[in-house]
Amino acid sequence: MANPAAPADATGPQAERPEIEFHDIPFQGIIEQSLAGVYLVFDERFQYVNSTFAEMFGYTQKEFVGTSIVDLVLPDFLGEAMKNYRLRVYEGVASIRYFTRCRHRDGHVVHIEVHGSRVDYRGHPALAGVVIDVTERVRRDQDLQRSRRRLRELASYLNSAREELRSQLARELHDVLGGMLSSIKLDVFRIQRRTSDPALAEIREITEELLPLVQDTIDTVRQISDELRPGMLDTLGLVATIRSELEAFGRRNEIPVGFTVEGGEPDLSVETATQCFRVLQEALTNIGRHAEAETVEVRVRSRDGCFEMQVRDDGKGIDRPSMREGSIGMLSMAERARSIGGSLYVHARAGGGTVVLLAVPGHSGRRSNDRAADRR
Ligand SMILES: Nc1ncnc2c1ncn2[C@@H]1O[C@H](COP(=O)(O)OP(=O)(O)O)[C@@H](O)[C@H]1O
Ligand SMILES: [Mg+2]
């Protein structure tokens with residue numbers, strides 16, 4: 001492109017070109033072809049609009065002349081539009097850029113971005129500027145936000161439905177099946193006690209084999225019930241449950257684990273404690289599955305009613321570009337955090353590895369071990 005500010009002593013074709021005079025520029029043609037709407041407002045009324053501006057609202061240029069800002073801008077946004085108008089025309093603010101909403105001739109709402117400045121019009125202060133129709137962009141943003149919200153609601157629904165089902169199953173297994181098995185065990189004992197007669201040696205042998213089998217079944221049921229929803233959360237509280245889960249993780253994966261506690265048991269409701277525990281479980285599962293870590297450290301801290309949990313590994317770190325599309329572990333952790341009014345941060349550690357940080361604000365609800373108190 002030619003440089004209009006070429007130095008006087010420049011040589012070549014640019015040097016011979018005369019300097020462009022402002023009045024030589026065919027502004028009117030440019031403005032008429034502009035893809036942005038262009039307007040001039042004096043005394044709150046449109047004195048001029050280009051065809052793009054007029055068409056944006058379903059009118060002809062001629063129809064626009066003389067109409068007022070009040071006729072165009074939606075009532076809810078008129079206050080701001082008039083304030084911005086006055087600030088520039090009467091109060092010396094040079095230019096303002098803002099978003100507003102107008103009514104199209106056919107009734108639909110047109111979202112616009114306006115950038116206008118104070119100008120001199122026939123010796124009076126007026127306003128001139130450009131307008132861009134951003135309706136499509138706003139709709140797309142709203143659609144995106146709506147689907148994000150739906151996705152969050154769905155994740156939240158799935159989490160709570162899953163949690164409810166797990167709790168229910170855990171209770172049935174523990175109370176009903178566990179209770180029945182205990183009765184069976186007692187009955188086998190009773191049978192055994194009646195087999196001192198040598199003639200019943202065979203039955204005694206059967207009961208001796210049966211008893212450890214029943215005990216194993218009782219233990220398995222308790223274990224499954226605990227995996228579904230750790231009863232420890234209700235009895236010993238969140239910190240002890242985290243410790244026990246972490247230690248079990250270390251044993252299973254044969255990696256050293258570290259646990260630090262600051263501030264003791266947090267004051268959290270049962271639901272909140274359960275969600276925190278689920279976040280820990282997912283973070284640990286991810287470490288076991290993806291991190292190739294050599295050590296894992298969990299730090300929990302309760303301070304001023306807030307609870308913080310950090311799950312730190314020294315593994316290979318999250319490779320964001322290769323993250324599977326549709327993986328819901330992260331989404332689910334974030335949603336669990338959100339559902340209890342907290343936040344989840346996942347970031348890379350300086351020396352390699354990943355930190356999952358859950359921060360939960362103070363809660364006045366029941367503590368996670370209050371249920372134990374209720375039962376007493
Ligand atoms: N601690 C971690 N270390 C390394 N990569 C991780 C870690 N946690 C998560 N990732 C990566 O993030 C991805 C998404 O995790 P997630 O949403 O839980 O899905 P999933 O575990 O089902 O793959 C994983 O596939 C993995 O690539
Ligand atoms: Mg996962």
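Does Asn286 count as buried or exposed, and what is its relative accessibility? In this predicted model, Asn286 counts as buried, at 14% relative accessibility. The legends below present its surroundings and two further regions.

**View 1. The magnesium ion (ligand 2) and its protein donors, Glu282 and Asn286.** Glu282 contributes OE and Asn286 contributes OD1, and these donors lie 2.1 to 2.2 Å from the ion. Both residues belong to helix H11 (residues 270–291), where they are 4 residues apart and thus separated by about one helical turn. In an α-helix there are 3.6 residues a turn, so residues three or four places apart point the same way. Glu282 is partly exposed, with a relative accessible area of 23%, whereas Asn286 is buried at 14%; the limit for burial is under 20%.

**View 2. Arg229 in the loop between helices H8 and H9.** Helix H8 spans 201–228 and helix H9 spans 232–235, with Arg229 placed in the loop between them. Arg229 has a relative accessible area of 8% and is therefore buried. Its side chain is joined to that of Thr274 by a polar contact of 3.1 Å.

**View 3. The buried residues of helix H12 and their packing partners.** Within helix H12 (residues 329–339), the buried residues are Gly329, Ser332, Met333, Glu335, Arg336 and Ala337. The elements against which the buried residues of H12 pack are two helices, H7 (135–193) and H11, together with strands S9 (343–348) and S10 (354–360).

**View 4. Gly341, following helix H12.** The phi angle of Gly341 is positive, near 75 degrees.

Conventions:
Residues are numbered from 1 along each chain as its sequence is written. Chains are lettered from A and ligands numbered from 1 in the order in which they are written. This is a predicted model: local features need pLDDT of at least 70, side-chain atom pairs count only at pLDDT 80 or more; totals for chains, interfaces and linings use all residues. Side-chain values use heavy atoms; hydrogens and water are left out. Buried means under 20% relative accessible area, exposed over 50%, partly exposed in between (1.4 Å probe, protein chains only). A polar contact is a pair of N or O atoms within 3.5 Å; within protein, one must be able to donate a hydrogen and the other to accept it, and residues adjacent in sequence count only if both atoms are side-chain atoms. Donors are N, O and S atoms within 2.8 Å of the metal (3.2 Å for Na, K and Ca); water is not among the atoms, so sites may look incomplete. Contact means heavy atoms within 4.5 Å.
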